4 protein chains.
Amino acid sequence: MTPIPVAILGGSGYTALELLHILLRHPSVRIEAITSRQEGTPWIGEVHPSLLGRCSVRMEPLNVDSLVARGVRCAFGCLPHGASMASLPMLLNRGIRVIDLSADYRLRDPNVYAQWYGESHEDLAYLAQAVYGLPELYGDEIPNAQLIANPGCYPQTGILGLAPLVAARAIEFTGIIIDSKSGVSGAGRTPKLTTHYPECNESISAYNIGKHRHTPEIEQALTDLAGEPVEVIFTPHLTPMDRGILSTIYATPKRSMTAEQLAGLYREFFAKMPFIRLRSTPPATKDVMHSNFVDIYVQLVRGKVVIVVAEDNLTRGASGVAVQNFNRMFGFDERTALL
Amino acid sequence: MTPIPVAILGGSGYTALELLHILLRHPSVRIEAITSRQEGTPWIGEVHPSLLGRCSVRMEPLNVDSLVARGVRCAFGCLPHGASMASLPMLLNRGIRVIDLSADYRLRDPNVYAQWYGESHEDLAYLAQAVYGLPELYGDEIPNAQLIANPGCYPQTGILGLAPLVAARAIEFTGIIIDSKSGVSGAGRTPKLTTHYPECNESISAYNIGKHRHTPEIEQALTDLAGEPVEVIFTPHLTPMDRGILSTIYATPKRSMTAEQLAGLYREFFAKMPFIRLRSTPPATKDVMHSNFVDIYVQLVRGKVVIVVAEDNLTRGASGVAVQNFNRMFGFDERTALL
Amino acid sequence: MTPIPVAILGGSGYTALELLHILLRHPSVRIEAITSRQEGTPWIGEVHPSLLGRCSVRMEPLNVDSLVARGVRCAFGCLPHGASMASLPMLLNRGIRVIDLSADYRLRDPNVYAQWYGESHEDLAYLAQAVYGLPELYGDEIPNAQLIANPGCYPQTGILGLAPLVAARAIEFTGIIIDSKSGVSGAGRTPKLTTHYPECNESISAYNIGKHRHTPEIEQALTDLAGEPVEVIFTPHLTPMDRGILSTIYATPKRSMTAEQLAGLYREFFAKMPFIRLRSTPPATKDVMHSNFVDIYVQLVRGKVVIVVAEDNLTRGASGVAVQNFNRMFGFDERTALL
Amino acid sequence: MTPIPVAILGGSGYTALELLHILLRHPSVRIEAITSRQEGTPWIGEVHPSLLGRCSVRMEPLNVDSLVARGVRCAFGCLPHGASMASLPMLLNRGIRVIDLSADYRLRDPNVYAQWYGESHEDLAYLAQAVYGLPELYGDEIPNAQLIANPGCYPQTGILGLAPLVAARAIEFTGIIIDSKSGVSGAGRTPKLTTHYPECNESISAYNIGKHRHTPEIEQALTDLAGEPVEVIFTPHLTPMDRGILSTIYATPKRSMTAEQLAGLYREFFAKMPFIRLRSTPPATKDVMHSNFVDIYVQLVRGKVVIVVAEDNLTRGASGVAVQNFNRMFGFDERTALL
């Protein structure tokens, strides 16, 4: 089969790098273009030395005509929010399918977007068509989607960790606590004081308490599942490691449950989902490093449900799930290039 | 003034090392003895090279007669639990005051000890006299104590973070969540697979969910403050850093509060306590590294109180507070050697 | 094509884990058996949770008859030295080809083995037949080898970094300095104090100065290339990171060279070797993390040649090169499963 | 005794922070002023939260008249090179003694400065008077110095590690190799890509090979000792840890030596120097963390001398030795505040 020509928009960050490492193993993909605003069209290996000898592509300015002319059928958007909704419509208008790793098309309600991101949404037309690309919940809509809003790293842990309980209406829908610990790569590749090595190494801290932008994304998906508003208290923490998210979630059962009933809810909900691993002991983020798996552990403690979810923020949290979505969109086995 | 001769019991672990670093700066202390079961009475600098050139003491087997003969007035117990209650009565019987860093004398109810530590308590007599050495709550009892049960590392963060709210009866006394992240030194110095570098580096994980032994210790102190039972859900996490504990605590107010009222409760409660720093932004564990400070931040989020507490698990969490207790016991300024 | 059934001997360590991650991506391999002395034949995923959902094999005691009966054609030895030469002859006698990741068959001279490993060699017969599995130097002998002595992690950096200069007889053959920095996984998975997290984290140290066992292995290969004795001073350092080796090498040119002549020697020597990347700036170990590449940089400094070599000690340094050898032995493209 | 009022010039970086931690323990020092170009005269604790509750000083713009009026007798310069020689003469002209932690006054020859720092020296007058503040070598000149050029972090390891051999003329004075590994704080507090956490964590790399600015500083001191030119090849490496430098040094004896003769040279040279610890096993940087000690180990290997030197780059490498110099300048015990 002829490989599918794809483009990466915004090649200099960590999600683009991760995406390239995955796509280079995909038997049915050809990296046709990697765009960047960097001057001088550098080879991708000059920006990401780990790709030397593996990917001989020069970065180029975004030129939609050129992408169309070269047959690009799918573009992965690795642009910052704001820049995504400014650029992607041009590609979509020309028939290129898009998987957007930014936050621009995740929140269906543009007012919620404006409230949390501080600027109004500029592309209501495609926003209305976007499919939230969390395969375990919205898998049926993905094959026919023109535009996928690839889910956020933290939100996937919160949504997947709570989905069985919310779907079964087994917990209270307020007061849910999501205490998340993320590696530093989640903050992106632009140097700043908070991610300067001697500042964040050997230290853990909470940030954006009660105001992190992933909060409404988690609530939107859980509200979809519940059929009524679900409210979470989300506390992210910056953890001294390159990659990985561990979310420890606390919820209050509506009715009493046994441990076996609780485990049963999870087994049933995630049956046949190849990237969810239900664990009998609490997972470590190292167990899922560089993998597309989401590891979930549940336990009853003094009348609360405690759920621990581990994910690699760059693989499953961004670029891995993007390829999982790509596989569903183009008819490949969901696991291609991901095991 | 003649320095006070002290002994360290069990010199080979991290709390003993930290204690020595602090006590070597104490103008009124002389390290008279460091005991150990290690063969060959090695110099302390052979076991802890950072002490070379600073502390010329050989480790010796514990011999109470010798300690008494040499005038030792205070012993710091750095022995494992179980070993503490087997050894310390011999010293106490001879008039040596003891600050025990193990867990043996922290839980007043021997049944609770037996339940959580899996063995029955063997020294009910001294248990009944022990003072729980958290200076901010039990400070008045410390000067006259013969035996101090030095508080645990995790418990201090939970107790101090919640104390103003519990004392004011401002929160529900059930469903309190303490989500704690600790550096690896908290696991001690004995090598095991979970603390083997390539296992725990670049990884975070929860452990002992719902069954960590520090749970009843937290509850005992909070119950003292409340005058009625307080129940917590405590989840410790192993975090890839040498030192530091960050506890993120979630509680439900009994009545509505403004942010200013909340802050006022904390200011009032901790007024004149030199080692508590109320922060206007969330602390990082690095802010308290190698220090005896406890940094506390509070915020209201969607009807919950979120409290973040940072502490160095070896300094404030163990050896620093031990010296703070020592200073109170022997009439020194509480801050001596700790700033 | 029918996949080739292979066995992993000694499945509980890091090289076995790395090997499994690579082999699971190999289109022509089936993991038939993983042996271990662990009790209870655990699933491999119980020992290495990252393999859960990817590899459903139970660990089993080594039983050669069973391996033969099940058609195993190649065994990867991940046993400690000593144990390797005690076990592998049984497989070799039955026609199973072996890639031994231990040091047992690397040193051709059993006296040198005895001198550096402190015990006499017990299998002189197969020692005489073993091929040193460094594909860039001994590639022609690998396809027909029955027994491959897979090269050590440090030695590959030293040998490959110096090979062009030694082959060209362009440097003095004494006084060569190899200053190597390795991640902690190189020390294996058995917990000990030196690799206990709080001991080696945030610290770097030299060890086994002048007496590391990889010294004669480096010298043997360089002596092969030179046709006369080559002597190195090798200083390994334990570096606070999971993986990676960086070797900084210093050699004295026999005759003056320009930078261009120096670079030319390296380009020519490594032409057409797919896993050697000659770099124009000094590499970081992160550039080769989880890859089979060896990155090499050379520079003239005040009359010395300074060479910097980066390698992932578990991938290229052990399990990756083992698969590279496997590919050559069984007629696959050398790069299969390694890009 | 009245404490000596001191000023810190340039308070926002890591050396200023370290200096404050040390000086706050100095019984005879009062922090009178901390200058900064930061807007708004923030409290020092806002810039360095670890100082909250310990140091209540607002940062202020540099105003020499004000410093003189307030009786400042000594200023510690924590400014970047270039800025130092632009500012310090103003203070020196007014009689304030200066310990300059920048590189501006370290190289006696202004041509060498121009060659390595790329700009001409602007203060030849004070350059001629500056004393190089390495107490072990230039200790006699320090008490009367008006201006101390505080030594660089890397140079101290190279100079002290080689001093006994150079002074005894026991090694060749060319071809000396200094392979140094430094923690990331050595790169300062300004965020950049190379010190962005996900770039340098879990990775080690060499940089500025053959052209690091500390090279001539090392050579100047060793040449002083030798009485003839000494030439070194210096390779610094960025190591994934906050603090610490380990330098592994290779030199060629001029004449054969026994291990005991070698050790004797070091014992004799460093006799009575309180901050040099001669080690019988190779030191780890953790052994000297947060301390002013320099740990040195020597060994003969195949005709070379291998020297390993460990230092904390912020304490002994910068702010600790600055206080050691201060103590000598003002007549205090050299160790005050440093043990």
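Okay, let's start inside chain B, with two helices that touch. On the α1(B) side you've got B:Thr15, B:Glu18, B:Leu19, B:Ile22 and B:Leu23, and they meet B:Thr315, B:Ala318, B:Ser319, B:Gly320, B:Ala322 and B:Val323 from α12(B). If you sort the residues of that contact by type, you get 6 nonpolar, 4 polar and 1 charged. Keep in mind as we go that this is a predicted model.

So how do the two helices sit? Helix α1 of chain B covers residues 14–23 and helix α12 of chain B covers residues 315–329; their axes come within 9 Å and cross at roughly 45 degrees. That angle is therefore one we'd call oblique for α1(B) and α12(B). As for the hand, α1(B) and α12(B) make a right-handed crossing.

Right, on to the chains. What rotation puts chain C on top of chain A? It's 180 degrees, with 0.0 Å of shift along the axis, and the RMSD comes out at 0.0 Å. That's the relation of a two-fold axis. Both copies use the same surface, too: 100% of the contact residues of chain C recur in chain A. And if you want to find the axis on your screen, look for C:Glu202, whose C-alpha is at 4.3 Å, the closest approach of any residue of chain C.

Last bit, the annotation. UniProt has an unreviewed entry that lists residues 5–145 of chain A as "domain: Semialdehyde dehydrogenase NAD-binding". In the model, that span of chain A is 35% helix and 17% strand, and its end C-alpha atoms lie 18 Å apart.

That's me done, thanks.

Notes
Residues numbered from 1 in each chain as written. Chains lettered and ligands numbered in written order. Predicted model: local features only at pLDDT ≥ 70, side-chain atom pairs only at ≥ 80, totals over all residues. Heavy atoms only, no water. UniProt positions renumbered as here; feature names shortened; annotations may be inferred. Helix = DSSP H or I, 4+ residues; strand = E, 2+ residues; numbered from the N terminus. Least-squares fit on C-alpha atoms with pLDDT ≥ 70 in both. Contact = heavy atoms within 4.5 Å. Axes fitted to C-alpha atoms, helices over the stretch in contact; angles between N-to-C directions. Parallel < 35°, antiparallel > 145°, perpendicular 65-115°, else oblique. Left-handed = near helix turned anticlockwise from the far one by under 90°. Nonpolar A, V, L, I, M, F, W, Y, C, P; charged D, E, K, R; others polar.
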